[in-house]
Each structure stands twice: as structure tokens, then as C-alpha cells.
Amino acid sequence: MADRPPLPPFTLETARQKVQAAEDAWNTCDPERVSLAYSEDSVWRNRDRFVRGRREIVEFLTEKWERELDYALRKSLWAFAGNRIAVRFQYECHDASGIWYRSYGNENWEFDEHGLMVRREASINDLVIDESERRIFGPRAEGERDLEIPLR
């Protein structure tokens, strides 16, 4: 099994790297690529859905990005200890009818010794926004990587 650095136990620097790597991967909207960060038997709770293993992760993300169009995400490190990281995030997208949303959430991550995520628990709330209220446009620019995401 190949390692997926950075590996636990995390430092402030390596936890931030892990969070940025996740943001970068999710912004590709490529389910196969994203799934490689998770163990073969990874378990998720995403809102009210429970997902197990890479195959189900790919299915879940494929459905998600077929529904959530022009998806753009920002993640921010909240806390870390040992092999666990907590993040807060926001993303924006629109549905097929053109309604825009900003979704706010928190995730708790647990990693194995190879740096693969074995557990992900996500709580997410959606807010309808006007397209003019958007503030997340595609992947984060290099110079914006340390900027906090605003609460509102």
C-alpha cells in the first residue's frame, strides 16, 4: 500500500497541507481522483447518507457533481491532534434550474498510518443565495491559500 503524505501524527504545517490537498482534489470534481485519498474501507456520514468504501465514494461523488453544478469549495483547518483533523468548509454551486447555494459545514477526519482517510463525518447546511452574492470562483489562487473563509 502506497503512503498518501502527509502522514499522521500531524503538525500544524502537515495538517494544513492535508486540508489544502483535500480542497484541491475536491475542486477537480473528479470522483476517481478524490476517492484515492480514502482507504478501501473508508466510512462516511455525509448529511443523512452513509457511505462505505471507495466504490460507494465514487458513486456518491458522481451523483453529487451531476447535481451540484459549477461547484467551488474552500476548506479551513479548525483543529488537529494525532491522526485526526477537523475542518470547516464552504462551497457554492447551482442546480439545473439555476438556483445558487452556499453550503456551510464541518468535517471530522480520521487517518490511518498511510495517510488515507478511514472516517469522514460531515454536517452541512445549505443557504440559497443570489448569483451576485457568490464569492467562491473555482480553485483557490496560490496567494489566497492562507486566507480564512468568512463566516457570512
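**Exercise 1. Locate E113 and describe its surroundings in this predicted model.**

Solution. Start with the secondary structure: E113 sits in the loop that links β5 (100–111) to β6. Next, take the accessibility. The relative accessible area of E113 is 56%, and the cut-off for exposed is over 50%, so E113 is classed as exposed. Then look at the side chain, which makes a polar contact of 3.4 Å with the side chain of H114. Last, compare sequence and space: E113 and Q90 are separated by 23 residues in sequence, and their C-alpha atoms lie 28 Å apart.

**Exercise 2. Determine whether R120 is buried or exposed, and list what its side chain pairs with.**

Solution. Step one is the position: R120 belongs to strand β6, which covers residues 117–129. Step two is the accessibility. Buried means under 20% relative accessible area; R120 has 2% and is therefore buried. Step three is the polar contacts of the side chain. One goes to the side chain of N46 at 2.8 Å. Another goes to the side chain of E107 at 2.7 Å. Step four widens the view to contacts in general, leaving aside neighbours within four places in sequence. N46 and E107 appear again, and the other partners include W26, Y38, V43, W44 and W109.

**Exercise 3. Find the C-alpha separation of I85 and Q17, and state which residues I85 touches.**

Solution. I85 is placed in strand β4, residues 84–94. Its relative accessible area is 2%, so I85 counts as buried. Along the chain, I85 and Q17 are 68 residues apart, while their C-alpha atoms are separated by 11 Å. Now list the contacts, not counting residues up to four places away in sequence. Among them are F10, A15, K18 and V19, then L77, A79 and F80, and further along the chain E107, N108, W109 and F111. E107 thus touches I85 and is also a polar partner of R120.

**Exercise 4. Classify N27 by accessibility and identify its contacts.**

Solution. N27 lies in the loop between α1 and α2 (31–35). A loop position alone does not settle the class, so use the accessibility: at 12%, N27 counts as buried. Beyond its neighbours within four places in sequence, N27 is in contact with Y71, A72, L73, R74 and P139.

**Exercise 5. Identify the backbone angles at R47, D70, P6 and P9 that depart from the usual values.**

Solution. Begin with the reference: most residues other than glycine have a negative phi, and most peptide bonds are trans.

- Phi. R47 is not a glycine, yet its phi is positive at about 55°. R47 is in the loop between β1 (38–46) and β2 (49–52), and at 27% relative accessibility it counts as partly exposed.
- Phi again. D70 also has a positive phi, near 55°. D70 lies in strand β3, residues 69–81, and its relative accessibility of 52% makes it exposed.
- Omega. The bond joining P5 and P6 is cis, with omega about 0°. P6 is in the segment before α1 (12–26).
- Omega again. The bond from P8 to P9 is cis too, with omega near 0°. P9 is likewise found in the segment before α1.

**Exercise 6. Summarise the fold and decide how the radius of gyration compares with the globule rule.**

Solution. First count the elements: the protein has three helices and six strands. Their order along the sequence is α-α-β-β-α-β-β-β-β. The radius of gyration is 15 Å, close to the 15 Å from the globule rule for 152 residues, so the protein is as compact as a globular protein of that length. The C-alpha trace spans about 45 × 35 × 25 Å along its principal axes.

Then take the interior and the surface. Of the 152 residues, 46% count as buried. Among contacts with a separation of 6 or more, 57% come from residues 24 or more positions apart. The accessible surface is about 8400 Å², and carbon and sulfur atoms hold 51% of it.

Finish with the charges: there are 24 positive and 30 negative ones, and their mean positions are 3 Å apart.

Terms used:
Residues are numbered from 1 along each chain as its sequence is written. This is a predicted model: local features need pLDDT of at least 70, side-chain atom pairs count only at pLDDT 80 or more; totals for chains, interfaces and linings use all residues. Side-chain values use heavy atoms; hydrogens and water are left out. Helices (H or I, at least four residues) and strands (E, at least two) are DSSP runs, numbered from the N terminus. The radius of gyration is taken over C-alpha atoms; the globule rule is 2.2 Å times the number of residues to the power 0.38. Buried means under 20% relative accessible area, exposed over 50%, partly exposed in between (1.4 Å probe, protein chains only). Contact means heavy atoms within 4.5 Å. Accessible areas come from the Shrake-Rupley method with a 1.4 Å probe; for residues, only the protein chains shown count as cover. Lys and Arg count as positive and Asp and Glu as negative; His and the chain ends are not counted. The place of a charge is taken as NZ of Lys, CZ of Arg, CG of Asp or CD of Glu. A polar contact is a pair of N or O atoms within 3.5 Å; within protein, one must be able to donate a hydrogen and the other to accept it, and residues adjacent in sequence count only if both atoms are side-chain atoms.
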